[in-house]
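Colleague: Could you walk me through how to read helices, burial, empty space and cysteines in a model like this one?

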Amino acid sequence: MAAVSARLPAFPWDKLEPYKATASAHADGIVDLSVGTPVDPVPELIQRALVAAADSPGYPTVWGTAAYRDAITAWVRGRLGASNAGHRNVLPVVGSKELVAWLPTQLGLGAGDKVAYPRLAYPTYEVGARLCGAEPVVYDDPTELDPAGLKLLWLNSPSNPTGKVIPKEELIRIVAWAREHGILIFSDECYLELGWEAEPVSVLHDDVCGGTYEGLVAVHSLSKRSNLAGYRAAFAAGDAEVLAELLEIRKHGGMMTPSPVQAAGAAALGDDAHVREQRGRYAARREALRTALEGHGFRIEHSEASLYLWVTRDEPCWETVEYLARLGILVCPGDFYGEAGANFIRVAFTATDERVAAAVKRLG
């Protein structure tokens, strides 16, 4: 068996440990703006749904309960504008990262196949390709790729790490190109409800796909919009044939979302009030950090959506990481997301109000 180190890139977060130690030594403690994990409470109605379903002695189904599929389908229709979506067009998954990492393997891809993803991107797209032995390929414009051997095309809008949003007209063009060449699109849309200066659009929107989902699957998560990262609640929606194939594979693999989590997910998708409340928290933190960083001489690019600011002062990213660590602020180096991020840092605004205020004070 090939060593893991030979098949996969080094786990990037381990490289941050020395800088975390520096930041933690600050007299007022660390302000961790690196990972982007939710810190605010799980909304009460979601907790109640979880507790009410706690007596679940039997195995859950991979496809999900009828109530969960109803909730996902209703949300996909109402929020994504996918008016023809039904139960066959949705599939619960055990957190979106699991799907991203194992999707190429579950699709049966391997040597000779290509998996494409943005030049600046979440590292797990590359990991997923390497796990199955496929060739990872980066792009600036996917329609300029050589379609030969390209089996899976990842889109990511809003982008992690840049916060960039793909406009509707661009999505229409990409979808048409992929369908022409028989290339499967998976669109990572986990930050879709966190648009600030742009309105993100799903590949499943009627205007983008023409009301049919052939060759298209969107991936969504409840981690950020509902503070459910600890629940591992996510789902895929789109092409019924692709999802049916994944369903069979996932049945054999025992990839089941726990029944209480399904009940909690249904409650989360059925309520918009907690999403608006959480958006308000993030908007205030975003504005505070943006103002402080720009006042300190940093430049912010893109960042029109998601939970991050894409920041530079035109120097190697690790110099910026070290500089901010000495102020007690831990951020993520841009080269975690590709060589094109070598002069950028990613700043998450998922810390508490108190910690964000501490960062603002230090930058001031």
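Modeller: Sure. Helices here are DSSP runs of H or I with at least four residues, strands are runs of E with at least two, and both are numbered from the N terminus. Keep in mind that this is a predicted model.

Colleague: Let's start with α11, then. What comes just after α11?

Modeller: Just past the end of α11, Gly297 has a positive phi, about 100°.

Colleague: And how many Å apart are the end C-alpha atoms of α11?

Modeller: They sit 33 Å apart. The 23 residues of α11 should span 33 Å at 1.5 Å a residue, so the two values agree.

Colleague: Which residues of α11 are buried?

Modeller: The cut-off you need is under 20% relative accessible area for buried, with over 50% for exposed. In α11 the buried set is His274, Val275, Gln278, Tyr282, Arg285, Arg286, Leu289, Arg290, Ala292 and Leu293. Those buried residues pack against helices α3 (44-52), α10 and α13 (353-363), and against strands β9 (299-301), β10 (308-312) and β13 (345-348).

Colleague: An arginine in that list caught my eye. Why does Arg290 count as buried?

Modeller: Because its relative accessibility is 16%, and buried means under 20%. Arg290 lies in α11, residues 273-295. Beyond neighbours within four places in sequence, Arg290 contacts Glu197, Ile300, Ser303 and Leu309.

Colleague: What about Ala263 in α10: what is its relative accessible area?

Modeller: Ala263, which belongs to α10 (residues 259-269), has a relative accessible area of 27% and is therefore partly exposed. Setting aside neighbours within four places in sequence, Ala263 touches Ala49 and Ala53. Ala148, by contrast, is 115 residues from Ala263 in sequence, and their C-alpha atoms are 43 Å apart.

Colleague: Now the empty space. How many cavities of 30 Å³ or more does a search of the whole structure find?

Modeller: The general idea: rolling a probe the size of a water molecule over the atoms shows where empty space is left. Here the search turns up 2 cavities of 30 Å³ or more. The largest holds about 50 Å³, and its lining includes Trp75, Cys190, His220 and Arg225. By class, that lining has 5 nonpolar, 2 polar and 3 charged residues.

Colleague: And which residues line the second largest cavity?

Modeller: That one, with about 40 Å³, is lined by Leu33, Leu289, Leu293, Leu324, Ile329, Val331, Val347, Ala359 and Leu363. Helices α11 and α13 each give at least two residues to it. The lining has 9 nonpolar residues, no polar and no charged ones.

Colleague: Pockets too, please. What is the volume of the second largest pocket?

Modeller: About 480 Å³. It has 21 lining residues, and the closest to its centre are Pro118, Tyr139, Asp140, Lys164 and Ile166. Two elements, β5 (150-156) and α7 (168-181), give two or more residues to the lining. The class count for the pocket is 11 nonpolar, 4 polar and 6 charged.

Colleague: Last topic, cysteines. How many disulfides does the search find?

Modeller: A disulfide is a covalent bond between the sulfur atoms of two cysteines. The whole-structure search finds 0. Take Cys317: its nearest cysteine sulfur belongs to Cys332, 8.7 Å away, whereas the cut-off is within 2.5 Å.

Colleague: Are Cys317 and Cys332 buried or exposed?

Modeller: Cys317 is buried, at 2% relative accessible area. Cys332 is buried as well, at 0%.

Definitions and conventions
Residues are numbered from 1 along each chain as its sequence is written. This is a predicted model: local features need pLDDT of at least 70, side-chain atom pairs count only at pLDDT 80 or more; totals for chains, interfaces and linings use all residues. Side-chain values use heavy atoms; hydrogens and water are left out. On a 1 Å grid over the protein atoms alone, a cavity is a set of points where a 1.4 Å probe fits but cannot get out, and a pocket is an open set with protein on both sides within 12 Å along at least five of seven lines; lining residues have an atom within 4 Å of a point. Grid points are joined across faces, edges and corners, and a volume is the space filled by probe spheres set on the points. Ala, Val, Leu, Ile, Met, Phe, Trp, Tyr, Cys and Pro count as nonpolar, Asp, Glu, Lys and Arg as charged, and the others, Gly among them, as polar. Buried means under 20% relative accessible area, exposed over 50%, partly exposed in between (1.4 Å probe, protein chains only). Contact means heavy atoms within 4.5 Å. The expected span of a helix is 1.5 Å times one less than its number of residues.
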